[in-house]
Amino acid sequence: MPLRASLAASVSRTAAALSRATGRGDGSVIGGKIGMMIDPDLLAHLAEGRRIALVSGTNGKTTTTRFTAAAVGVLGDVATNSFGANMPTGHTSALARAGATPYAVLEVDEHYLAQVLKATHPLVVALLNLSRDQLDRAKEVAMMAQLWRDALAAHPDVHVVANADDPMVVYAAAAHAAAAGTGGVTWFSAGQRWREDAHVCPACGAHIERDEADEDAWRCANGDLTRPAPQWTVDENAVVDPDGIRHEVKLQLPGKVNVGNAATALAVAHHFGVSPADAAPKLGEVASVAGRYAQVDRDGRNIRLLLAKNPASWLEAFDMAEQQPTLLSINARDPDGFDTSWLFDVDFAPLRGRQVLITGDRAFDLAVRLQVNDVPFTHVKTFEEAVAAVPPGRLEVIANYTAFQDIRAELDRVV
């Protein structure tokens with residue numbers, strides 16, 4: 001690297017280490033921020049010479065990135081932003097901290113995909129899904145799909161691994177597939193349970209029609225967009241590769257959605273030259289992702305932490321959570337978005353019949369929503385009060401960003 005970039009990388013590592021040593025944070029952002037102040041092109045310099053995969057989407061980015069890093073790790077050392085800092089400062093910090101690794105797998109906030117594509121020149125980009133998120137500041141879903149489409153047009157050589165079940169993702173990748181030919185896009189199918197943001201074709205505005213005989217099949221009423229045939233699919237707890245071979249994935253992480261995330265990871269790793277048979281066992285070694293899915297024992301309770309930040313992710317969280325006492329925690333701070341109206345897009349009916357507790361800065365917003373959904377609940381002021389209110393055994397905790405971090409801090413456990 002140029003002398004300026006080498007100096008910036010060294011300062012980045014030092015700043016991150018000091019942040020961790022003083023307990024101010026994990027260093028995943030501050031290191032990159034200071035490094036880029038010294039050399040604005042530091043991310044590009046650090047990316048040079050590495051084979052890189054980018055993972056983007058509204059939901060599942062962090063978990064899929066962790067799975068993909070584990071799979072690509074079959075080949076050698078992999079740099080990754082494992083703490084979920086998914087903007088250029090986080091990418092810069094992660095690459096600087098890792099040193100000279102031959103591979104990198106980076107989670108990318110969907111708004112920054114074009115910028116990171118330009119800086120890193122990746123081998124593969126994985127596009128997971130697009131749905132509404134942080135309504136007070138995030139772009140409308142179809143607009144986000146168009147931005148992705150434009151970003152890919154500027155990088156015809158990148159290989160795309162894309163979700164065939166999401167019309168928004170298909171629209172974003174379809175032009176790239178047409179321009180690059182059959183080798184330009186690998187399609188995977190993991191099912192799309194949340195469909196409320198995909199009723200209208202992003203290409204023409206016509207209705208998206210669903211096939212009653214095949215719940216995953218869809219097409220635009222005008223014929224402008226049709227679900228592509230996926231090469232990678234999911235069958236119960238197995239991933240089926242393009243040759244039709246089933247690969248059992250014995251995951252520690254719960255939920256059908258994580259089998260889909262595993263399929264994406266195997267498809268990306270396959271493009272790096274990793275066989276699914278070698279990669280699949282590595283996915284089972286992932287037990288927690290930046291604290292998500294972590295299980296902590298306290299006072300006779302086994303507490304499991306689940307992150308849910310928008311309607312689509314709450315739907316998946318309900319699928320993962322067992323029929324046990326459940327604590328819901330909602331904040332509306334800057335990382336969460338200040339608008340909580342999205343709570344009325346979530347169907348909380350799956351919580352009926354279990355003990356439900358609520359807490360957080362915006363617990364009363366959640367209380368109104370639960371009342372509308374006929375879900376009885378108890379309000380608790382603190383996490384400690386919640387633990388004391390449930391019998392010994394499992395306590396499921398579902399929280400959005402800052403509420404999740406508040407609970408992790410109370411548990412005094414970084415996992």
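Okay, quick bit of vocabulary before we start: the expected span of a helix is 1.5 Å times one less than its number of residues. Keep that in mind, and remember that this is a predicted model.

So, helix α8, residues 167–180. That's 14 residues, and α8 reaches 20 Å from its first C-alpha to its last, close to the 20 Å expected at 1.5 Å a residue. Still, α8 has a bend of about 40 degrees at A173. And A173 is also one of the buried residues of this helix, along with, among others, M168, Y171 and H176. What covers those buried residues? The cover includes helix α7 (141–153) and strands β4 (124–127), β5 (159–163), β6 (185–188), β7 (208–210) and β8 (218–220). At the N-terminal end, α8 is capped by D166, with a side-chain oxygen 2.9 Å from the backbone nitrogen of M168.

Okay, on to the sheet. We've got an open sheet of 6 strands with mixed pairing, and the order goes β12-β13-β17-β14-β15-β16. At the edges sit β12 (295–298) and β16 (378–379), each pairing on one side only.

Let's look at one pair: β14, residues 326–329, and β15, residues 356–359, run parallel and are joined by 4 bridges. If you want a spot to click on, find L328, which has I358 of β15 opposite.

Now the helices on this sheet. Helix α12, residues 363–372, packs on it and touches β14, β15 and β16, with its direction at about 145 degrees to that of β15. Then there's helix α14, residues 401–411, lying across β12, β13 (301–307), β14 and β17 (393–399), and running at about 150 degrees to β13.

Conventions. Residues numbered from 1 in each chain as written. Predicted model: local features only at pLDDT ≥ 70, side-chain atom pairs only at ≥ 80, totals over all residues. Heavy atoms only, no water. Pairing = 2+ DSSP bridges. Helix = DSSP H or I, 4+ residues; strand = E, 2+ residues; numbered from the N terminus. Contact = heavy atoms within 4.5 Å. Axes fitted to C-alpha atoms, helices over the stretch in contact; angles between N-to-C directions. Bend = angle between axes of the 7 residues up to and from the residue. Buried < 20%, exposed > 50% of the residue type's maximum accessible area, 1.4 Å probe, protein only. Polar contact = N/O pair within 3.5 Å; in protein donor to acceptor, adjacent residues only side chain to side chain.
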